[in-house]
Amino acid sequence: MAPGGLRLVLLQDPDDSRMRMVRHFTGLRFVLRELAAQLTAPAHGPNDDIVLDVVPARYRGRDLEETVTVATFHLTLPGEPPPARHAVKAYVQGHLRDGDGGYVLRHGQLVLRIQRPAS
């Protein structure tokens, strides 16, 4: 990275409801916090300004079928078939209820900002 350059790495927040759902159906886990910790270790830290921000986001729905469709979209991985709709529906009903008759799927982003000093 050139002096003064800025690098951004974006990844889903592994602790939100979307990624818990992804882990449930695929077993995959993506953890940007570990990368941030590695980059701030003494071998890297003194040379770069590294910040990890969380950008919250959420889907709220009142309709079960619409929420299942949105959840299925979030579970779609390139080259892989989506999980069975009835399994996603059971998951939505069991894990995404908001207590007010609707559903909420949190899908925040982690943004790792790495700023190289100008000189």
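Reader: Let's start with Arg-60. Is it buried, partly exposed or exposed?

Author: This is a predicted model, so take every value here as computed from it. The class depends on relative accessible area, with buried meaning under 20% and exposed over 50%. Arg-60 comes out at 46%, so it counts as partly exposed.

Reader: Which side chain does Arg-60 meet in a salt bridge?

Author: Its partner is Asp-98, with an N to O distance of 3.5 Å. The useful habit is to check where each end sits in the chain. Here Arg-60 belongs to strand E3 while Asp-98 is in the loop between H4 and E4, so the pair links distant parts of the chain, 38 residues apart. Asp-98 is partly exposed too, with a relative accessible area of 27%.

Reader: Okay, and what does Asp-100 do?

Author: Asp-100 makes a salt bridge with Arg-62, at 4.0 Å from N to O. Asp-100 sits in the loop between H4 and E4, and Arg-62 in the loop between E3 and H3, again 38 residues apart. Check the surface class as well: both of these residues are exposed.

Reader: How many salt bridges are there in the structure?

Author: There are 6. Another one to look at is Glu-65 with Lys-89, where the closest N and O atoms are 2.9 Å apart. Glu-65 is in helix H3 and Lys-89 in helix H4, so this pair ties together parts 24 residues apart in sequence. Glu-65 has a relative accessible area of 34%, which makes it partly exposed, and Lys-89, at 29%, is partly exposed as well. Then ask who shares partners: salt bridges connect Glu-65, Lys-89 and Arg-85 into one network.

Reader: Now the helices. Which residues of H4 are buried?

Author: Val-88, Tyr-91 and Val-92.

Reader: And how do those buried residues fall when seen down the axis of H4?

Author: They fall within an arc of 100°, so they line one face of the helix. The general idea is that an α-helix has 3.6 residues a turn, so residues three or four places apart point the same way. Now turn to the other side of H4, where His-86 and Gly-94 are exposed.

Reader: What covers the buried residues of H4?

Author: The cover includes H1, H3 and E4.

Reader: What about H3: which of its residues are buried?

Author: In H3, which runs over residues 64–74, the buried ones are Leu-64, Thr-67, Val-68, Val-70, Ala-71, Thr-72 and His-74. To read a helix like this, look for what lies over the buried side chains. For H3, the cover includes helices H1 (17–26) and H4 (85–95), along with strands E3 (58–61) and E4 (103–106). While you're there, look at the start of H3: a side-chain oxygen of Asp-63 comes to within 3.3 Å of the backbone nitrogen of Glu-65.

Reader: Where in the chain is Asp-13?

Author: Asp-13 is in the loop between E1 and H1. For a charged residue in a loop, check accessibility before assuming anything: Asp-13 has 10% relative accessibility, so it counts as buried. Next, look for polar partners. A polar atom of the Asp-13 side chain lies 3.0 Å from the backbone nitrogen of Asp-15. Last, look for contacts from elsewhere. Leaving aside neighbours within four places in sequence, Asp-13 is in contact with Met-19, Arg-33, Val-54, Gly-108, Gln-109 and Leu-110.

Reader: Turning to the surface, what do Leu-6, Leu-8 and Leu-10 form?

Author: A nonpolar patch, with about 300 Å² of accessible area together. Take Leu-6: it is in strand E1, residues 6–12, and at 49% relative accessibility it is partly exposed. You can also compare Leu-8 with Leu-52, a residue of strand E2. The C-alpha atoms of Leu-8 and Leu-52 are 9.8 Å apart, with their positions 44 residues apart along the chain. Leu-52 is partly exposed, at 30%.

Reader: Zooming out, what pattern does the chain follow along the sequence?

Author: β-α-α-β-β-α-α-β-β, from 4 helices and 5 strands. For a whole-chain view, look at burial and contact range together. Of the 119 residues, 34% are buried. Among contacts between residues at least 6 apart in sequence, 72% join residues at least 24 apart. As for the surface, the chain exposes about 7,200 Å², and carbon and sulfur atoms supply 55% of that.

How values were computed:
Residues numbered from 1 in each chain as written. Predicted model: local features only at pLDDT ≥ 70, side-chain atom pairs only at ≥ 80, totals over all residues. Heavy atoms only, no water. Patch = residues over 30% accessible without salt bridge, like charges linked within 9 Å, V, L, I, M, F, W, Y side chains within 5 Å. Areas by Shrake-Rupley, 256 points an atom, 1.4 Å probe, with all protein chains shown as cover. Helix = DSSP H or I, 4+ residues; strand = E, 2+ residues; numbered from the N terminus. Buried < 20%, exposed > 50% of the residue type's maximum accessible area, 1.4 Å probe, protein only. Contact = heavy atoms within 4.5 Å. Polar contact = N/O pair within 3.5 Å; in protein donor to acceptor, adjacent residues only side chain to side chain. Arc of directions from axis to C-beta.
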